[in-house]
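Q: Can you walk me through this one? I'd like to start with the rings and then look at the surface.

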Amino acid sequence: VNDAPSLKAADIGVAMGITGTDVAKGAADMILTDDNFSTIVNAVEEGRNIYNNIKKAIIFLLSCNLGEIVALFVAILLNWNTPLLPIHILWVNLITDSFPALSLGVDPKDSSVMEDQPRNPKESLFAGHMGIYLAVNGLLIGILTLFAFKLGERIYPNSLMHAQTMAFVVLSVSQLFFSLNMRSTKKSIFSVGLFTNKYLIASIAFGILIQFAVITIPFLAGVFKVYTLTLNDWILVILISLVPLVINEILKIFLRMKKNK
């Protein structure tokens, strides 16, 4: 109704864009430009998807950064050799993390988003077990990075650079694969559609390609202080990097089974 005091008092005051008065529009939180109430449903759906995409990008970045902190903190705590150099961390934060995070921000709409209950506007970003999800995946990425480092030290006991290179690749590539999990914390990547977010797939492919270039091109390898990996090394680091993706997919299966009981 064109009742400015009511519109102002409402949690969300809605005014009509065509037939509404200027006073009503000024007092309202939302204006329906087509005077159609069904537009509100579309607006809520769009808003939920935008919020979810922002949340995905933030949780992804925080999980990746936590993984880096865990890897360095544990190595310092146990008095190990440094698994990662400062330039490695800088590279991962600026290049490897950025493109997948931006791609998650434009993830296609979730068709089932309107089935969710309305969230409390005061709800934390980490509500609904997202804090646990962040912590678990951050720890997982950090532990796998350290595992690759110690494995490299064992295979190549006389080459610290070789071990650091393996840790560097696992850290970056595991984060790239983990971004696929972030598309949905409930649905399998196959039910969501593995190739429905072409930007994310392109980001992952580009990330792996430039990571390969950094390792294999002599000039870049010298700048990043990395060692050229053998084919067996690449197979090892790729398999280790796939662990977060596989574990998250298995956990999703158990969560869906628990929900359906």
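Q: Is phenylalanine 99 buried, partly exposed or exposed?
A: Phenylalanine 99 is partly exposed, at 36% relative accessible area. Buried means under 20%, exposed over 50%, and partly exposed in between (1.4 Å probe, protein chains only). This is a predicted model: local features need pLDDT of at least 70, side-chain atom pairs count only at pLDDT 80 or more, and totals for chains, interfaces and linings use all residues. Residues are numbered from 1 along each chain as its sequence is written, and side-chain values use heavy atoms, with hydrogens and water left out.

Q: How many aromatic pairs does the structure hold?
A: Six. In one of them, phenylalanine 99 meets phenylalanine 206 edge-to-face, 5.5 Å centre to centre with 90° between the planes. Ring centres of Phe, Tyr and Trp (its six-membered ring) must lie within 6.5 Å to pair; planes under 30 degrees apart are stacked, over 60 edge-to-face, the rest tilted.

Q: Where do those two sit in the chain?
A: Phenylalanine 99 is in helix α5 (residues 98-104) and phenylalanine 206 in helix α9 (residues 198-216), 107 residues apart. Helices are DSSP runs (H or I, at least four residues), numbered from the N terminus.

Q: And how accessible is phenylalanine 206?
A: It is partly exposed, at 38% relative accessibility.

Q: Which residues form an aromatic cluster?
A: Phe60, Tyr133 and Phe178 form one.

Q: New topic. What lies over the face of tyrosine 51?
A: Arginine 119, at 3.8 Å from the ring centre. The cut-offs are NZ of Lys or CZ of Arg within 6 Å of the ring centre and within 35 degrees of the ring normal.
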